[in-house]
Each structure stands twice: as C-alpha cells, then as structure tokens.
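Good morning, colleagues. Please take a moment with the sequence and the structure on the screen, and I shall then go through the points I have selected.

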Amino acid sequence: MFKSKYRIPSNDKIILYLGRVHESKGIDLLVDSFKEIAKKRNDVKLVIAGPDDGFLSRLIDSVELSDINDSVIFTGYISHEYKLAALRDATVSVTPKFTGFPVTFLESCICGTPIVTTNAGDYLDWVKNAGYIVNYDKRQMAQALTRILDDPSLKRTLGENARNLAE
C-alpha cells in the first residue's frame with residue numbers, strides 16, 4: 001500500500017525515518033549514511049516521513065547537492081494508516097537521535113521492522129535485540145543499514161525479535 005502510493009518499485013528496499021523533521025533528530029547523519037549506500041546500490045529508497053519542523057529545506061538541499069534525488073522521498077506528514085503501512089513496507093526504521101522513548105520504536109516493533117539508532121541522546125538497551133545501536137558516525141550507520149539490507153534472514157530475525165518485544 002505505501003510502496004504503491006509513493007511509486008516505489010515492489011523489489012526496492014526502504015530505509016524509513018518517521019518523525020518530526022528537526023535538526024535535533026540527526027536526520028542529516030542518516031542522509032550522509034544513505035549517500036554511502038546509494039553509491040553502491042540502486043535498489044533502496046530513503047523515505048523521510050513527517051512534518052517539517054524547520055530542517056526540511058536543508059535536507060532537501062543536501063540531497064540535491066549529492067545527486068540522490070531519485071532515491072530519496074520526502075512525504076511530509078502522513079496519516080496513521082500510511083504510517084503503519086510505511087513501517088510494514090520498510091526494510092528498516094531509523095531514528096538517529098532521540099530523547100525519552102520514541103513511539104516509533106514501539107510502532108516499528110509491532111510491525112516487525114528492525115530498528116537502527118545511535119548512542120547519541122538517550123539509550124534504550126533493549127533496542128539492540130531488535131536492531132543496532134551504533135556510534136553517531138555515518139560509516140557505522142551505513143554498515144548497520146547495509147547488513148540488514150543485504151541479509152533477508154537477519155532482517156527477519158530482528159523483525160521477529162522486535163515483534164516479540166512488543167508483545
């Protein structure tokens with residue numbers, strides 16, 4: 001449902017950021033990590049879904065300067081229905097930086113979508129059972145994302161762990 005709405009080929013993989021588009025969220029690190037991934041493969045899309053909170057234009061400029069426009073989708077605000085569809089269609093959900101307990105982590109787990117985050121901001125130990133917690137570094141994030149993108153059985157195992165955590 002999500003892939004068809006945004007015209008993403010069914011075989012393409014999705015790296016999903018879901019939340020406010022604000023400088024404090026570390027989305028620029030995600031875009032920089034994705035640049036590394038996009039150099040090596042053309043079967044993956046970066047989807048940034050959420051309302052602009054003052055940082056969208058800088059992200060768009062970064063994407064355009066890197067010539068990865070065809071691989072990055074900015075959806076803006078999406079309804080609850082499409083949010084869950086995006087999480088179900090996503091290969092991996094990424095929240096580079098957070099404070100507290102992101103509801104998107106719980107929603108990702110419910111949908112069986114692995115999580116990648118960093119050690120910047122708050123720390124939730126249980127996340128490592130549902131994905132990866134890496135240093136706040138574009139190469140480490142790109143490596144964690146690539147592991148999940150390249151290994152369907154790893155994605156499945158992390159997704160099952162995530163779903164079990166939610167239950």
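**An enclosed strand and its surroundings**

I begin with strand β2, residues 44-49: six of its six residues are buried, so the strand is largely enclosed by the rest of the structure. Please keep in mind throughout that this is a predicted model.

Let us consider the two faces of this strand. V44, L46 and I48 point one way from β2, while K45, V47 and A49 point the other way. Every one of these residues is buried, K45 included.

What are the pairing partners of β2? On one hand there is strand β1, residues 13-18, which pairs with β2 in the parallel sense over six bridges. Within this pairing, L16 stands opposite V47 of β2. On the other hand there is strand β3, residues 72-76, and here the pairing with β2 is again in the parallel sense, over four bridges. In this second case, I48 of β2 stands opposite F74 of β3.

Next, the connections. β1, helix α2 (residues 27-40) and β2 form a β-α-β unit that is right-handed. A right-handed β-α-β unit is also made by β2, helix α3 (residues 56-65) and β3. β2 therefore takes part in both units, as the second strand of one and as the first strand of the other.

I turn now to the interior. The largest nonpolar core has 29 residues, and among them I15 and L145 touch the most other members. Which elements give two or more residues to this core? They are β1, α2, β2, α3, β4 (92-95) and α6 (138-150). The greatest contribution comes from α2, with seven residues.

Helix α2 also holds V31. Is V31 buried or exposed? With a relative accessible area of 0%, V31 is buried, since the cut-off for that class is under 20%. As for distances, V31 and S79 lie 48 residues apart in sequence, and their C-alpha atoms are 23 Å apart in space.

Finally, the surface. F101, L106 and I110 form a nonpolar patch there, and together they have about 280 Å² of accessible area. Of these residues, L106 belongs to helix α5, residues 103-110. Its relative accessible area is 36%, so L106 counts as partly exposed, a class that lies between the 20% and 50% limits.

To close, I return to the starting point: in this model, β2 is a strand with six of six residues buried, paired in the parallel sense with β1 and with β3.

How values were computed. Residues numbered from 1 in each chain as written. Predicted model: local features only at pLDDT ≥ 70, side-chain atom pairs only at ≥ 80, totals over all residues. Heavy atoms only, no water. Buried < 20%, exposed > 50% of the residue type's maximum accessible area, 1.4 Å probe, protein only. Pairing = 2+ DSSP bridges. Patch = residues over 30% accessible without salt bridge, like charges linked within 9 Å, V, L, I, M, F, W, Y side chains within 5 Å. Areas by Shrake-Rupley, 256 points an atom, 1.4 Å probe, with all protein chains shown as cover. Salt bridge = Lys/Arg side-chain N within 4 Å of Asp/Glu carboxyl O. Core = buried A, V, L, I, M, F, W, Y, C linked by side-chain atoms within 4.5 Å.
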